[in-house]
Amino acid sequence: MIKYSMVDLRGQYKKIKPEVDAAISEVLDSTAFINGPAVKTFQKNLEEYLGVKHVIPCGNGTDALQVALMALELQPGDEVITTSFTFIATAEVIALLKLTPVLVDVDPDTFNIDPKAIEHAITPKTKVIIPVHLFGQCADMHTIKDIAKKHNLYVVEDTAQAIGAEYTCYNSGNMKKAGTLGDIGCTSFFPSKNLGCYGDGGAICTNNDDLAAQMRSVVNHGMKVRYYHDFVGINSRLDSIQAAVLNIKLNHLDEYNRARKKAAACYNEAFANHPKIKTPVTASFSNHVFHQYTLVLKDIDREGLMKHLAGKGIASAIYYPVPLHLQKAYLDPRYKEGDFPVTEALSKSVISLPIHTELTEEIQKGITEAVLEFVGKG
Ligand SMILES: *Cc1c(COP(=O)(O)O)cnc(C)c1O
């Protein structure tokens, strides 16, 4: 039986139960389940937290990405560059909209999209770059934005795993929040994300007034004036109960991210300088909010390690076991095994350990000892 799971949503809920229950009750009493006041309040609160002009709440993180791409009025066959090492949602929305996903490899240290590889992948059909701030730290946005500017491309950030992470701007030294660096930022409030609600939820943000207006109507059936539909949109809403939960949890987000960083530091110390374990590398331009704590294993039987941990009641996971270009649904004659060597090597050698806001040093000691018992002290 797994005693130490990847997340501990119950432990976290218990600490904020009175606040959350009251907020949910208020929505129940109001019966304003859709577009209630909690949604507007959350929109304002998140705009303030992120330091961004517009937040558009929506149904989930996948919708957020789809809405962003729909607002850019692309043509079928237009190319969207993204990373080969991410959750499927990033590529899925590109394919759904009959756009062409163009994949590039990642940096072996940060696991984020490799800007040098982006330059090589640009063609006259390229319209958008989607960097994913994987596992909780920002991609190299300075270089990515330079490339985008040079080639007149949009940058849509997938910040589902990095809400609250801060990026240090290259020239000014100013800190900006992940998701507010490109043209549009897309995030998810899936329960296990760093800011998770108690169901599905997502949001899109932008500093661009025109894009914001467009995305507000995309999520609302392509409607600006009620029952007048100017283009084909979708229905994607954050419901009031989820917004009420998020209003409470947003107040705790910085504290939650600090707890994750502290847990990561504790793991880092236990595995420091181990010849067979590479601990996470944080880039100089971003801080890391550790949505995942991911090790790269060298010459270690990964399956065996996972079984060993499971035997001791400790969960572990592989994010992600199959690179996008090798997923059955996304097989494409343009790509073959060997094309993205860094991603392919990572998919065979990474392992993620439990990381969440409720870890104690004692639990972590048990986890690190169990890992070291299997791999040896080095
Ligand atoms: C979770 C996630 C999404 C999708 O979010 P949902 O709310 O589950 O739709 C998209 N991209 C990345 C990188 C994610 O981790």
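Which polar backbone atom is 2.8 Å from an oxygen atom of the ligand? In this predicted model, the atom in question belongs to the backbone of glycine 61. Two side chains also approach ligand oxygen atoms: a polar side-chain atom of threonine 62 lies at 2.5 Å, and an N or O atom in the side chain of serine 188 is found at 2.7 Å. Of the 380 Å² that the ligand exposes when taken alone, the protein buries 91%.

The shell around the ligand consists of Asn60, Gly61, Thr62, Thr86, Phe87, Ala89, Val132, Asp158, Ala160, Gln161, Ser188 and Lys193. By residue class, this shell comprises 4 nonpolar, 6 polar and 2 charged members.

One sheet of the model is open and contains 7 strands, arranged in the order β1-β9-β8-β5-β4-β2-β3 with mixed pairing. The edges of this sheet are occupied by β1 (54-58) and β3 (100-104); each has a single partner strand, so one side of each lacks a neighbour in the sheet. On average, and with direction ignored, neighbouring strands are turned by 25° against each other. At the β1 edge, the pairing with strand β9 (residues 202-206) is antiparallel and extends over 5 bridges. Within this pairing, valine 55 has cysteine 205 of β9 as its bridge partner.

Helices pack on this sheet. Helix α2 (residues 37-50) touches β1 and β9, and its direction makes about 135° with that of β1. Helix α4 (residues 89-96) touches β2 (79-83), β3, β4 (126-130) and β5 (154-158), with a direction at about 170° to that of β2. Ala89, a residue within the range of helix α4, is also one of the residues surrounding the ligand.

Another open sheet is built from 3 strands in the order β12-β13-β14, and its pairing is antiparallel. Here β12 (277-278) and β14 (350-353) form the edges; because each is paired with a single strand, one side of each remains without a neighbour in the sheet. Strand β12 is joined by 2 bridges to β13 (residues 293-297), and these strands run antiparallel. Lysine 278 is positioned opposite valine 296 of β13. Helix α9 (residues 253-271) lies across β12, β13 and β14, and runs at about 20° to β13.

Backbone geometry was also examined in the loops. Most residues other than glycine have a negative phi, and most peptide bonds are trans. Phenylalanine 111, which is not a glycine, nevertheless has a positive phi of about 70°. This phenylalanine is located in the loop between β3 and α5 (115-121). The peptide bond joining tyrosine 319 and tyrosine 320 is cis, with an omega of about 5°. Tyrosine 320 is placed in the loop between α10 (302-311) and α11 (341-349).

Methods:
Residues numbered from 1 in each chain as written. Predicted model: local features only at pLDDT ≥ 70, side-chain atom pairs only at ≥ 80, totals over all residues. Heavy atoms only, no water. Pairing = 2+ DSSP bridges. Helix = DSSP H or I, 4+ residues; strand = E, 2+ residues; numbered from the N terminus. Contact = heavy atoms within 4.5 Å. Axes fitted to C-alpha atoms, helices over the stretch in contact; angles between N-to-C directions. Near = heavy atom within 4 Å. Polar contact = N/O pair within 3.5 Å; in protein donor to acceptor, adjacent residues only side chain to side chain. Areas by Shrake-Rupley, 256 points an atom, 1.4 Å probe, with all protein chains shown as cover. Nonpolar A, V, L, I, M, F, W, Y, C, P; charged D, E, K, R; others polar.
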